[in-house]
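Here's a quick walk through one model, starting with its ligand site and moving on to two helices. Have a look at it first.

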Amino acid sequence: MEIITSHTNADFDSLAAMVAARKIYPDAILVFSGSADASVKQYLKSNADWLKILHLSDINLKEITKIILVDTREIHRLGELGPLIEKPGIEVHVYDHHPTSYRDIVGEKNVIKPIGSAATIFVEIIRERKIPITSQEATLFCAGIYVDTGSLTFATTTAEDAEAAEWLLKQGADLQVVGEYLNRNLTEEQRNLLNALLASLEYKTMEGQSIVIASAEVEEYVEDLAVLVHRLVDRESVSAVFAVVRMGDRIYVVGRSVSPLVNVGEILVEQGGGGHHTAASACIKGTDLKKTKNELLETIDKKIRRRLTLGIEAFERPQRASILKIEDWSTVPNHVIDLLKSIGERASQASINVFVVGGFVRDLLLGVKNLDLDLVVEGDGIAFARLLADQLKGSFFSFEKFGTASVVLPDHLKIDVATARKEFYARPAALPEVAGTSLKQDLIRRDFSINGMAVKLNPPDFGQLIDFFNGQRDLQHGVLRVMHPLSFIDDPTRIFRAVRFEERYHFRMDSHTEKLLKDALREGMIKHLSMERISNEIVLILSEPNPLPAVRRMASLRILSLIHPDLKLSQKTIEIMEALPDAIAKFPSSEIERWIVYAITLLSGLNPSQTNEVLTTLRWSGKEKDKFSILLSDWRKTFQTLQSENPVKPSALSKLLEGLSPEALIFLSSPKSGHTLSRIQQYWSQLHKIDLLVTGKDLVAMGFKPGPDYSRMLEKLKAAQLDGEIKTKEEAKEFLRKSGDHEKTLD
Ligand code: ATP
């Protein structure tokens with residue numbers, strides 16, 4: 001099954017692009033990945049029969065073989081469809097007009113154009129192929145273009161959008177209908193208020209940011225001021241719009257921003273309100289509109305200045321390029337250095353630049369061993385990886401959708417290769433000397449300055465460190481710094497990564513990065529992540545050699561309570577975690593997954609039903625569930641028995657601990673009290689895998705019939721054997737014969 005889909009909360013442009021895409025992919029079904037905005041819902045009411053749009057619940061996701069993705073290429077905007085994009089066997093075609101961002105989906109086919117509307121991309125193809133369209137379709141496509149280009153007035157509008165609109169008009173697009181949908185749903189009061197706001201617009205420029213303030217006064221409350229402000233933003237094409245409206249005895253302030261430098265959430269918090277970076281509101285008791293407006297202007301000015309001085313700091317620093325000294329390579333084995341040199345030579349032969357980037361460079365400069373080779377190629381990364389695999393006799397895997405490939409060499413060393421793609425919205429910034437814009441664009445999309453450095457591998461520049469963003473300085477100062485103010489908003493997994501790197505290297509976020517992280521948390525950004533991604537990050541944190549400091553940090557940032565409101569880090573949990581490294585060292589390491597030991601400890605304060613909720617939320621209820629089963633039992637009682645001074649028979653010990661994972665046993669053994677540790681060790685080394693002296697075959701030979709008695713008798717035999725009451729096969733048979741008679745009398 002082929003589907004055409006777009007981002008969740010579909011707007012007119014995405015709807016128009018989806019319908020237009022069907023003209024090119026006539027066999028595909030239109031499916032919304034999530035909900036649709038109010039105007040689209042309204043439109044659907046009277047057009048559902050010809051649009052034929054399905055919802056996710058109407059289709060069987062397993063039948064999808066091809067996804068045509070329009071008006072987005074960000075996985076996190078696809079709701080439940082997101083994970084399918086990465087599934088092998090599903091072909092993906094992408095049509096989008098948004099700026100490039102970190103880890104965009106790359107499909108088998110990609111049509112990316114920096115233009116005003118996604119619908120325009122399809123209208124151009126439809127025109128070129130001379131595919132006929134109805135006037136109804138022309139009207140919808142035109143509405144898509146008008147919505148996303150503010151009726152062709154936004155700065156992002158291009159000649160292509162205007163030409164497409166012109167052509168659609170010639171095909172019968174009805175501008176009256178378009179206008180109706182653009183301004184639909186407004187009540188008379190809202191229309192009046194919108195007009196009053198439009199008549200009041202004041203334009204300000206603050207630190208280069210264009211701000212519009214609209215104000216009005218009405219006696220009755222008017223609903224949905226935010227919707228009206230949204231329209232102003234669409235019309236005005238400025239950095240931010242604020243509306244200040246007195247309704248009766250209250251003043252409502254709504255702000256919307258499209259600029260990284262204007263965080264309306266942060267601004268309106270000062271007016272007693274709240275919200276996100278891009279949308280926020282406040283309600284103030286009182287009637288002095290002028291005073292509120294002046295205070296607002298002061299706050300906006302103050303906050304933009306603050307962002308400016310702190311925020312963009314890492315951007316556009318002069319590039320530093322210095323050759324690494326021999327001693328800098330001391331943590332890298334010679335054969336890997338030779339390999340990197342030979343990769344550089346091969347790249348030069350292919351006339352492309354190749355760099356090793358990210359964690360490898362960071363750890364190289366820190367003197368920490370790290371053989372994760374992440375290469376970035378200015379050129380076709382997949383083709384270069386294939387060439388390396390051929391020449392170095394390695395195996396090759398490619399992930400065409402992401403423009404990346406991996407090569408695994410015969411000695412198991414893995415090399416990941418990424419393509420530094422050209423930025424569509426490239427700025428006219430001066431080109432650096434040793435690396436092209438595309439490398440810089442690749443690095444700027446990384447999380448922290450310390451992870452955003454590269455080392456060139458081509459001769460004669462082998463070993464040249466490329467550090468656009470002062471990563472080396474931050475490494476020296478032990479500072480974790482984001483590349484730009486919207487970093488945590490763009491990708492909230494960086495919140496977890498920040499905590500992990502801070503504690504791993506004993507670094508600290510600079511105060512601005514920490515503030516941005518806290519803002520992102522306050523704005524609920526973690527909720528935008530899929531549970532798989534959150535779970536993955538938590539596993540990474542718990543897999544660090546000593547996860548406790550990072551867990552403490554998560555607790556103090558209140559991240560733990562986002563996983564479950566009752567999840568807390570108690571003193572008891574801290575004590576157990578402190579003892580875990582010793583406890584883990586006493587168990588054979590191949591048998592255990594360390595992160596699970598820490599996860600059990602972390603969750604040990606929850607009751608079984610809360611634990612169940614967390615296991616389900618974090619997707620640990622599949623193959624891992626058994627390992628956590630201790631938390632679903634009355635383990636405190638088990639612990640008391642283990643601790644007690646009273647003798648515990650081996651058979652009782654075995655029964656007590658039977659079925660518990662080694663991870664759970666380590667958790668139980670970590671508080672050094674009573675006989676706990678020795679008993680657990682006794683169970684693990686002697687009791688948990690004993691072979692019974694008789695087998696099922698022996699039982700059959702003795703004339704027992706298979707049935708429920710069987711296992712009861714074997715249980716008894718096992719207990720007797722564990723307690724040393726039975727030592728030979730003969731004794732075992734004798735025991736069975738006797739207890740067999742006993743069972744029969746019981747029946
Ligand atoms: P570790 O040492 O734990 O393996 P790492 O950062 O070295 O961490 P990866 O997580 O594989 O290893 O990431 C490799 C590189 O990719 C990072 O150094 C960083 O440059 C970039 N990166 C990874 N995740 C993100 C992200 N969420 N946002 C931006 N850049 C990222």
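A polar contact here is a pair of N or O atoms within 3.5 Å; within protein, one must be able to donate a hydrogen and the other to accept it, and residues adjacent in sequence count only if both atoms are side-chain atoms. This is a predicted model, where local features need pLDDT of at least 70, side-chain atom pairs count only at pLDDT 80 or more, and totals for chains, interfaces and linings use all residues. Numbering runs from 1 along each chain as its sequence is written, and side-chain values use heavy atoms, without hydrogens and water.

The ligand makes these polar contacts:

| Ligand atom | Protein partner | Distance |
|---|---|---|
| nitrogen | Arg-494, side-chain N or O | 2.8 Å |
| nitrogen | Thr-493, side-chain N or O | 3.4 Å |
| oxygen | Gly-359, polar backbone atom | 3.1 Å |

Taken alone, the ligand exposes 600 Å², and the protein buries 82% of that (Shrake-Rupley areas, 1.4 Å probe). Helix α18 (493-505) gives the shell its largest share, six residues (helices are DSSP runs of H or I, at least four residues).

Over in α5 (residues 135-149) sits Thr-139. Thr-139 is buried, at 11% relative accessible area (buried means under 20%, with a 1.4 Å probe and protein chains only). A polar atom of the Thr-139 side chain lies 3.1 Å from the backbone nitrogen of Asp-174.

In α27 (residues 650-657), Ser-651, Leu-653, Ser-654 and Leu-657 are buried. They share one side of α27 because they cover an arc of only 160° around the axis, taken from the directions from the helix axis to the C-beta atoms. Just after α27, Gly-659 has a positive phi of about 85°.

Conventions
Buried < 20%, exposed > 50% of the residue type's maximum accessible area, 1.4 Å probe, protein only. Helix = DSSP H or I, 4+ residues; strand = E, 2+ residues; numbered from the N terminus.
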